[in-house]
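Student: I have a model open in front of me. Can you show me how to read it, one feature at a time?

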Amino acid sequence: MASCEDEMGKTQKTSLKDLENGRKARIVTLPSGESRRRLEALGLREGKLVEKVSGMPFHGPVTIIVDGRQIAIGWRISSRVEVEPLLENDLHYDSLEKEEP
């Protein structure tokens, strides 16, 4: 799995599929074309805060929370979404709230 922090403690960009489960991140780039339009229809845009819930094994879907909604994204598309993981001391870290069942 790709490391999210460099030796100076700064966050590094990574793909959504490589983000650790339970980590929060800001979307940096989305893929182009039809994939982008589908992701935008789900509410994903550059700058949006998301939380990765889980990634299924064997190239299964990646589940995230965005705007209080839980959605699943295919493995291949999630590998093309670039995110910047948030550190716990980031001002926006606690702005994502999970909906209670």
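Tutor: Start with one residue: Lys52 lies in strand 3. A strand here is a DSSP run of E, at least two residues long, and a helix is a run of H or I, at least four residues long; both are numbered from the N terminus. This is a predicted model, where local features need pLDDT of at least 70, side-chain atom pairs count only at pLDDT 80 or more, and totals for chains, interfaces and linings use all residues. Residues are numbered from 1 along each chain as its sequence is written, and side-chain values use heavy atoms, with hydrogens and water left out.

Student: Is Lys52 buried or exposed?

Tutor: Buried means under 20% relative accessible area, exposed means over 50%, and partly exposed is in between (1.4 Å probe, protein chains only). Lys52 counts as buried because its relative accessibility is 3%.

Student: Which residues does Lys52 touch?

Tutor: Contact means heavy atoms within 4.5 Å. Leave out residues up to four places away in sequence, and Lys52 touches Leu16, Lys17, Asp18, Leu19, Glu20, Asn21, Gly22, Arg23, Val62, Thr63 and Ile64. Take Asn21: it is 31 residues from Lys52 along the chain, yet their C-alpha atoms are separated by 5.3 Å.

Student: How do I read the whole fold?

Tutor: Count the elements, then follow their order. The protein has two helices and six strands. From the N terminus, they run β-β-α-β-β-β-α-β.

Student: In what order do the strands sit in the sheet?

Tutor: Strands of a sheet pair through backbone hydrogen bonds, either parallel or antiparallel. To count as a pair, two strands need at least two bridges found by DSSP. Here six strands form an open sheet in the order 1-6-2-3-4-5, with antiparallel pairing. Strand 1 (14–15) and strand 5 are the edge strands, each pairing on one side only.

Student: Where can I check the pairing residue by residue?

Tutor: Begin with strand 2 (residues 24–29). Three antiparallel bridges link strand 2 to strand 3 (residues 49–55); Ala25 has Val50 as its bridge partner there. On strand 6 (residues 82–85), strand 2 has an antiparallel partner over four bridges, and Thr29 stands opposite Glu82. Strand 3 also pairs with strand 4, antiparallel, over four bridges. In that pairing, Gly55 is matched with Val62.

Student: Which residues touch the most other members of the largest nonpolar core?

Tutor: In soluble globular proteins, nonpolar side chains tend to be buried together. A nonpolar core is a set of buried Ala, Val, Leu, Ile, Met, Phe, Trp, Tyr and Cys residues joined through side-chain atoms within 4.5 Å. The largest core has 15 residues, and Leu16, Ile27, Leu44, Ile64, Ile73, Val81 and Val83 touch the most other members. Strand 2, strand 4 (62–66) and strand 5 (69–73) each give two or more residues. Strand 4 gives the largest share, three residues.

Student: What does Ile27 contact?

Tutor: Beyond four places in sequence, its contacts include Leu44, Val50, Val81 and Val83.

Student: Which residues have an unusual phi?

Tutor: Most residues other than glycine have a negative phi. Phe58 has a positive phi of about 60°, and His59 has a positive phi of about 65°. Phe58 sits in the loop between strand 3 and strand 4, and so does His59. Phe58 is exposed at 82% relative accessible area; His59 is exposed at 54%.
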